[in-house]
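Student: I would like a close look at one part of this model, namely the open sheet and the helices packed around it. Please take me through it in one connected account.

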Amino acid sequence: MLHAISVPNTCILCPRSRCFGQRNQGSTRFCLRASLPDNNGEFKVEYTPWLVVGLGNPGNKYHGTRHNVGFEMIDQISQSEGIALNTIQSKALVGIGAIGEVPIFLAKPQAYMNFSGESVGPLAAYYQVPLRHILLIYDEMSLPNGVLRLQPKGGHGHHNGVKSVMGHLDGSREFPRLCIGIGNPPGAMDMKAYLLQKFSPAERNQINEALEQGVEAVRTLVLNGFNQKITRFNLGQKYKHHKV
């Protein structure tokens with residue numbers, strides 16, 4: 001997570017992990033950051049930032065629909081961490097802040113779901129965020145409603161938004177994702193109609209609970225990485241609707 005430590009007149013250089021937009025040119029790229037000690041004269045540590053992106057469609061027409069739970073998670077993080085979404089950049093609504101001392105960029109792409117990558121790629125390149133620190137949050141039909149799953153990498157699973165993001169990250173699948181379960185369409189219901197449908201009251205309660213749990217999961221990931229807490233989180237989510 002750490003990439004540079006420095007004190008006055010003394011700098012330590014550490015190799016940066018690969019960032020999107022950087023090609024391997026056969027040599028190690030180093031990053032130099034200037035910083036000052038804190039008030040106690042201790043080292044000031046600089047952290048690699050995270051880009052946390054929720055997928056959805058802009059506009060009131062889509063607010064509260066199953067396909068927009070990624071947006072809802074970003075709103076929940078924004079509220080919980082006090083990070084205002086008040087900037088437009090790269091076709092996205094962006095908020096800049098921190099979780100603990102770790103810099104965070106929250107983003108809600110505004111170019112519609114199928115073109116989400118048009119925001120994620122440029123934002124990752126501009127802020128030099130490594131792939132392992134790009135967290136994508138989106139709806140997942142293969143999970144029961146309100147069940148969350150946090151993974152370090154994966155495919156697109158036929159999700160057009162994720163497919164677009166991968167396409168704008170050089171085709172890479174090596175970035176984390178937080179999937180929010182919305183369940184499968186009932187019977188022969190059209191998939192698109194299901195995705196653009198709002199939740200029933202019971203389903204909405206499950207989603208609201210999941211959003212709160214998701215904030216804690218994101219905090220854990222940002223501050224500690226993929227550790228045993230994340231493993232236990234995923235296990236608890238898998239069985240949380242099972243009655244003993």
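Student: Before we go to the sheet, among contacts in the protein chain between residues at least 6 apart in sequence, what percentage join residues at least 24 apart?

Tutor: The share is 70%, counted among contacts between residues at least 6 apart in sequence. This is a predicted model, and its protein chain comes to six helices and 11 strands, with buried residues making up 47% of the 244 residues.

The part you ask about is an open sheet of seven strands with mixed pairing, and reading across it gives the order E6-E7-E8-E5-E9-E11-E10. Its edges are strand E6, residues 85-89, and strand E10, residues 148-151, each of which pairs on one side only. On average, and with direction ignored, neighbouring strands of this sheet are turned by 25° against each other.

Starting from the E6 edge, E6 pairs with E7 in the antiparallel sense over four bridges. Two of the residue pairings can be followed directly in the structure: Leu85 has Gly95 of E7 as its bridge partner, while Thr87 is partnered by Val94, also in E7. The two strands form a hairpin with two residues between them, and in this hairpin Ser90 takes a positive phi near 50°.

The next step across the sheet is the pairing of strand E7, residues 92-99, with strand E8, residues 102-109, which is antiparallel and runs over eight bridges. Here Leu93 has Lys108 of E8 as its bridge partner, and Ile96 stands opposite Phe105 of E8. E7 and E8 likewise form a hairpin with two residues between them, and Gly100, which sits in the turn, has a positive phi of about 65°.

A helix covers this portion of the sheet. Helix H2, residues 117-126, lies across strand E5 (50-54), E6, E7, E8 and strand E9 (134-140), and its direction is at about 170° to that of E5.

Leaving the sheet by way of the loop between E5 and H1, one meets Pro58. At 14% relative accessibility Pro58 counts as buried, because the cut-off for that class is under 20%. If residues up to four places away in sequence are set aside, Pro58 touches Phe71, Gln110 and Tyr112. Its C-alpha atom is separated by 9.9 Å from that of Ala92, although Pro58 and Ala92 are 34 residues apart along the chain.

The loop brings us to helix H1, residues 69-81, which packs with H5 at an angle of about 55°, the two axes being 9 Å apart. That angle makes H1 oblique to H5, and the crossing in which H1 passes H5 is right-handed. On the H1 side the contact is made by Val69, Glu72, Met73, Gln76, Ile77, Ser80 and Glu81, and on the H5 side by Arg204, Ile207, Ala210, Leu211, Glu212, Gly214, Val215, Val218 and Arg219. Sorted by class, this contact of H1 with H5 has eight nonpolar, three polar and five charged residues.

Helix H5, residues 201-224, also packs with helix H6, residues 228-238, at an angle of about 160° and with the axes 10 Å apart. Angles over 145 degrees count as roughly antiparallel, so H5 is roughly antiparallel to H6. The crossing of H5 and H6 is left-handed. The residues that make this contact are Gln213, Ala217, Thr220 and Leu221 of H5, together with Lys229, Ile230, Phe233 and Gln237 of H6. By class, the contact of H5 with H6 has four nonpolar, three polar and one charged residues.

Conventions: Residues are numbered from 1 along each chain as its sequence is written. This is a predicted model: local features need pLDDT of at least 70, side-chain atom pairs count only at pLDDT 80 or more; totals for chains, interfaces and linings use all residues. Side-chain values use heavy atoms; hydrogens and water are left out. Axes are lines fitted to C-alpha atoms, for helices over the stretch in contact, and angles run from 0 to 180 degrees between N-to-C directions. Angles under 35 degrees count as roughly parallel, over 145 as roughly antiparallel, 65 to 115 as roughly perpendicular and the rest as oblique. A crossing is left-handed if the near helix is turned anticlockwise from the far one by less than a right angle, and right-handed if clockwise. Contact means heavy atoms within 4.5 Å. Ala, Val, Leu, Ile, Met, Phe, Trp, Tyr, Cys and Pro count as nonpolar, Asp, Glu, Lys and Arg as charged, and the others, Gly among them, as polar. Two strands pair if DSSP finds at least two bridges between them. Buried means under 20% relative accessible area, exposed over 50%, partly exposed in between (1.4 Å probe, protein chains only).
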